[in-house]
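Visitor: I would like to understand how the words used for a structure are earned. Could you take me through some of them, one at a time?

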Amino acid sequence: MKAQTKWSWLIAVYLFLAGVGGGAFVTGAISDLAGWSTELSQIGIILGFPCVLVGTVFLIFDLGNPRNFWRAYARPGTSWMARGSIIITIFMVINFFYIILWIWPFPEVIGNSQTIKFYFNIIGIIFALATMIYTGILLGASRPIAFWSTAMLPLLFLISAMSTGIMAVLLTSIIAGSGVPFSQMATWEMIDIQLIVIEIFVLFFYLQGTHRVPESRASARFVLKGSVAPLFWIGVCLLGLIIPLLFEVGVFGQNQTTLIVATVCGIIGGFCLRQVVLSGGIHAPLKAGRFEYYLTNV
C-alpha cells in the first residue's frame, strides 16, 4: 500500500494556518469577554484574519488554476469543501470588520461599546470553532482514506488549533513587547498545558483506533515506523508536545525565554501534525471479486 500524494504540503499549510487563525481569534475574543488586557485581546483578533487568509491562498495555489477557486463554493449541500469555504469566508468577513471597526483604522466606530464587541466576539467564536473543526471534517469526507475517516480527527485538529492559536498570541505578545500582565499570560499558559495533555490522549486514541481496516493499520505503521516516523516522533511528539509541555510547566524555569521556546516549538509541531496526517493517508483498494486494486492518486 502506498500513501496518497494528491494532498500536498500546501494543504497542510492551509489546514495549519486556518487552525492557528481560529485559535488566535478565540483567545483574543475570550480575553476581551473576560475584561482582560486590551492588548492581549487585540493581538488575538488581529492574528485571526491574516492567518486564515494566507492559508486560503495556499489552498488556491494547490488547486492548480486559481481562476477555478469559485468552484470551492459549489454544491454546499453535498460537499464539505463548499461548506468549509462558506464557513471560512464568513469568519474572515466577521474578523475583518471587527479589526477595522475596533482596532484600525476606525477604532472610534465601536470604541468602548461592550454590547457590539460582545456580539462580534460570540459570533466570531462560533465561526472560529467551526473553522477549526472543519479542517478535520474536510479530510474525513475523503471516504477512500480510512485514516482520515474518524470522528477523532476533527477533535484532534480542534485541540491542536486552539493550542497553537494560544501559543501564537503569547509569542506575538512577547515579541511585540505589548506589556500584557504576566498573570493573564500565565492563565493562558495553564490552559495551553491542559490542551497539550488532552491532545496527547486524543492523538493516542486516534492512532489506537486504526485497527478497523487494513489500510488504516497500514497508515499507522507508516506513521509510527515508516518514512513518516521521523516527522511524527521529532516534529509532533518532541517539538509539538513534549518540549512545550515541559517548558510551560516550568521544569526549566518560567520566564520569557522558556515561553518563547515552548511556543515556537509548539507552533512548528502543529504544522508537523497536519503534514503527518496527510502523508499517512492510504487509499482504500477498489475490490472486484477476489482482487484488490490500489489507486495511489485518486
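Guide: Let us begin with L17, which has a relative accessibility of 15% and counts as buried; please keep in mind throughout that this is a predicted model.

Visitor: Why is L17 called buried?

Guide: The word buried is kept for residues under 20% relative accessible area, and L17, at 15%, falls under that cut-off, so L17 counts as buried. L17 lies in helix α1, and among the residues that L17 touches are C51, V52 and F58.

Visitor: How far apart are L17 and G270 in sequence and in space?

Guide: They are 253 residues apart along the sequence, while their C-alpha atoms are 9.5 Å apart in space.

Visitor: What makes D192 a buried residue?

Guide: Its relative accessibility is 0%, and because buried means under 20%, D192 meets the condition. D192 lies in helix α6 and touches S163, I166, M167 and E248, leaving aside residues up to four places away in sequence.

Visitor: How do you know that the side chains of D192 and S163 are joined by a polar contact?

Guide: The distance between them is 2.5 Å, and a polar contact needs a suitable pair of N or O atoms within 3.5 Å, so the value satisfies the cut-off.

Visitor: Why is the pair of Y98 and F120 called stacked?

Guide: Rings pair if their centres lie within 6.5 Å, and planes under 30 degrees apart count as stacked. For Y98 and F120 the centres are 4.8 Å apart and the planes differ by 10°, so both conditions are met and the pair is stacked. Y98 lies in helix α3 and F120 in helix α4, so the pair ties together parts that are 22 residues apart in sequence. Both Y98 and F120 are buried, and ring pairs link these two with F25, F91 and W102 into a cluster.

Visitor: What makes the pair of F232 and W233 edge-to-face?

Guide: Here the centres are 4.9 Å apart and the angle between the planes is 75°; because planes over 60 degrees apart count as edge-to-face, the pair takes that name. F232 has a relative accessible area of 4% and is buried, whereas W233, at 46%, is partly exposed, because that value lies between the cut-offs of 20% and 50%.

Visitor: How many aromatic pairs are found in the whole structure?

Guide: A search of the whole structure finds 15 of them.

Visitor: How do you know that R274 lies over the face of F157?

Guide: R274 is 4.8 Å from the ring centre of F157, and the distance part of the rule asks for CZ of Arg within 6 Å, so that part is met. The rule also asks for a position within 35 degrees of the ring normal, and R274 is listed as lying over the face of F157.

Visitor: Which residues touch the most other members of the largest nonpolar core?

Guide: That core has 76 residues, and L139, W148, L203 and Y206 touch the most other members. Helix α5 gives the most to this core, with 13 residues. As for L203, the residues that it touches include L156, F232 and L273.

Visitor: What kind of peptide bond joins W104 and P105?

Guide: A cis peptide bond joins them, with omega at about 10°, and P105 lies in the loop between α3 and α4. For background, most peptide bonds are trans.

Key:
Residues are numbered from 1 along each chain as its sequence is written. This is a predicted model: local features need pLDDT of at least 70, side-chain atom pairs count only at pLDDT 80 or more; totals for chains, interfaces and linings use all residues. Side-chain values use heavy atoms; hydrogens and water are left out. Rings of Phe, Tyr and Trp (its six-membered ring) pair if their centres lie within 6.5 Å; planes under 30 degrees apart count as stacked, over 60 as edge-to-face and the rest as tilted. Helices (H or I, at least four residues) and strands (E, at least two) are DSSP runs, numbered from the N terminus. Buried means under 20% relative accessible area, exposed over 50%, partly exposed in between (1.4 Å probe, protein chains only). A nonpolar core is a set of buried Ala, Val, Leu, Ile, Met, Phe, Trp, Tyr and Cys residues joined through side-chain atoms within 4.5 Å. Contact means heavy atoms within 4.5 Å. A polar contact is a pair of N or O atoms within 3.5 Å; within protein, one must be able to donate a hydrogen and the other to accept it, and residues adjacent in sequence count only if both atoms are side-chain atoms.
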